[in-house]
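Here are my comments on the model, as numbered points. Please read them with the structure open.

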Amino acid sequence: MSLAHTAAEYMLSDALLPDRRGSRLQGLRLELPLDRMIKFITVGFPLLLMSLAFAQEFSSGPPIRCFSPSNFSARQAAYVDSSCWDSLVHHQHDELGQHHMKSLWPHKALPYSLLALAVAMYLPVLLWQYAAAPALSSDLLFIISELDKSYNRSIRLVQHMLKIQQKSSDPHVFWDELEKARKERYFEFPLLERYLACKQRSHSLVATYLLRNSLLLLFTSAIYLYLGHFHLDVFFQEEFSCSVKTGLLSDETHMPQLITCRLTSLSVLQIVSLSSITIYTLLVPVIIYNLTRLCRWDKRLLSIYEMLPAFDLLSRKMLGCPINDLNVILLFLRANISELISFSWLSVLCALKDTTTQKHNIDTVVDFMTLLAGLEPSKPKHLTHQVCDENP
């Protein structure tokens, strides 16, 4: 065996990908990076604000402070504070002397509304985890495994071709067999391509993904309605008039009709309202961008894997409307690109293919590795001329 053939064997052996079936695909990302960021913000931010509200209550004491008459004892003043906080109703009279009442319940419901918001924002995450993640996981495991196996099959095929070329005594027979194999498409393994083509006709993953982001937009709209309808009405009201002449105290003549109280927790409600509007307004473009990614193909990823035999979704123009499961799978393949060991090798081969002077002869990784191994991508010209001379 010549040194050139030995070097080619070593080069092809190094190009083979290691088999890591046991521990390889345990860290699959079943959420896109933007989806994970949206989840942490939409769920974690209300919980953070809820902690702020409870911390303010524990550190600053009662959320209201009522200005009881000076002749009230400490116990009576505490009763007034407790009674006004329980009712949390503002009493006022208009210019005509009519009595009106306005509830200030958003102050009392603030921590629990934040908790309900966090739970509501987590529902789209649960929908994705239980309705789409299991099927997506199996799809990614199969596709990633088949992409790497297809690359390895191409390298082993070149190794086999090199061994046959070494053992062949007649070069004409070798090249005739090789050209026949290419003509009959023996080198192609169409299982993966057909599987991906079937995914173009499936819409379960994309429907779940659209529903997840639509629910986020719906809940965000509900936040705007809630803040605008309830919080805006009490946003600037720091003081209110409370009536404690109810029940057993309704007939007490020494009790004033109304007692003025001040909401010490107003600043917390204002911070929560403004920060919630700001954060969720900034998230709306991100969610919309997530949806727009389904309207275009990741052709760079597909173009790199076009070097594999029978993976010509782009060249055959097999890609139609991008709103299908295949596009979702491609997005998650891009997110799990570290699990695709063949991607780095094929990226290098694509870059070398674009710079080679004989790129018109190179279509697949088999052609390129054949050239690197010292074999011609096609039948040498001197053998062609020799056949023509023998058969004038």
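**Notes on the predicted model**

1. Both Trp 128 and Tyr 209 are buried. Keep in mind that this is a predicted model. The burial call rests on a relative accessible area under 20%.

2. Aromatic pairs come next. The count is eight. In one of them, Trp 105 and Phe 230 meet edge-to-face, with 5.0 Å centre to centre and 65° between the planes. Trp 105 sits in helix H4 and Phe 230 in helix H8 (residues 204-234). The two residues are 125 residues apart, and the pair links distant parts of the chain.

3. Are the members of that pair buried or partly exposed? Trp 105 has 35% relative accessibility, so it counts as partly exposed. Phe 230 is at 29%, so it is partly exposed too.

4. Trp 128 and Tyr 209 also form an edge-to-face pair. Their centres are 5.6 Å apart and their planes are at 75°. Trp 128 belongs to helix H4 and Tyr 209 to helix H8, so this pair ties together parts 81 residues apart in sequence.

5. Ring pairs also build a cluster. Its members are Trp 105, Tyr 226 and Phe 230.

6. Now the largest nonpolar core. It holds 39 residues. Which of them touch the most other members? They are Cys 84, Met 121 and Phe 240. Helices H2 (33-60), H3 (74-87), H4, H8 and H9 (266-292) each give two or more residues to this core. Strands E1 (64-66), E4 (239-242) and E5 (259-263) do so as well. The top contributor is H9, with eight residues.

7. On the surface, Tyr 122, Leu 123, Leu 126 and Tyr 130 make a nonpolar patch of about 410 Å². Leu 123 is placed in helix H4 (residues 105-131). Its relative accessible area is 43%, so Leu 123 is partly exposed. Patch members need over 30% relative accessible area, so Leu 123 can qualify without being fully exposed.

8. A last point concerns the record. The unreviewed UniProt entry annotates "transmembrane region" at residues 37-55, 109-128, 209-227 and 268-291. How does the model treat the spans 37-55 and 268-291, and what is the helix content of each? Residues 37-55 are 100% helix and 0% strand, with end C-alpha atoms 26 Å apart. Residues 268-291 are likewise 100% helix and 0% strand, with end C-alpha atoms 34 Å apart.

How values were computed. Residues numbered from 1 in each chain as written. Predicted model: local features only at pLDDT ≥ 70, side-chain atom pairs only at ≥ 80, totals over all residues. Heavy atoms only, no water. Patch = residues over 30% accessible without salt bridge, like charges linked within 9 Å, V, L, I, M, F, W, Y side chains within 5 Å. Areas by Shrake-Rupley, 256 points an atom, 1.4 Å probe, with all protein chains shown as cover. Salt bridge = Lys/Arg side-chain N within 4 Å of Asp/Glu carboxyl O. Helix = DSSP H or I, 4+ residues; strand = E, 2+ residues; numbered from the N terminus. Buried < 20%, exposed > 50% of the residue type's maximum accessible area, 1.4 Å probe, protein only. UniProt positions renumbered as here; feature names shortened; annotations may be inferred. Phe/Tyr/Trp six-rings, centres within 6.5 Å; stacked < 30°, edge-to-face > 60°. Core = buried A, V, L, I, M, F, W, Y, C linked by side-chain atoms within 4.5 Å.
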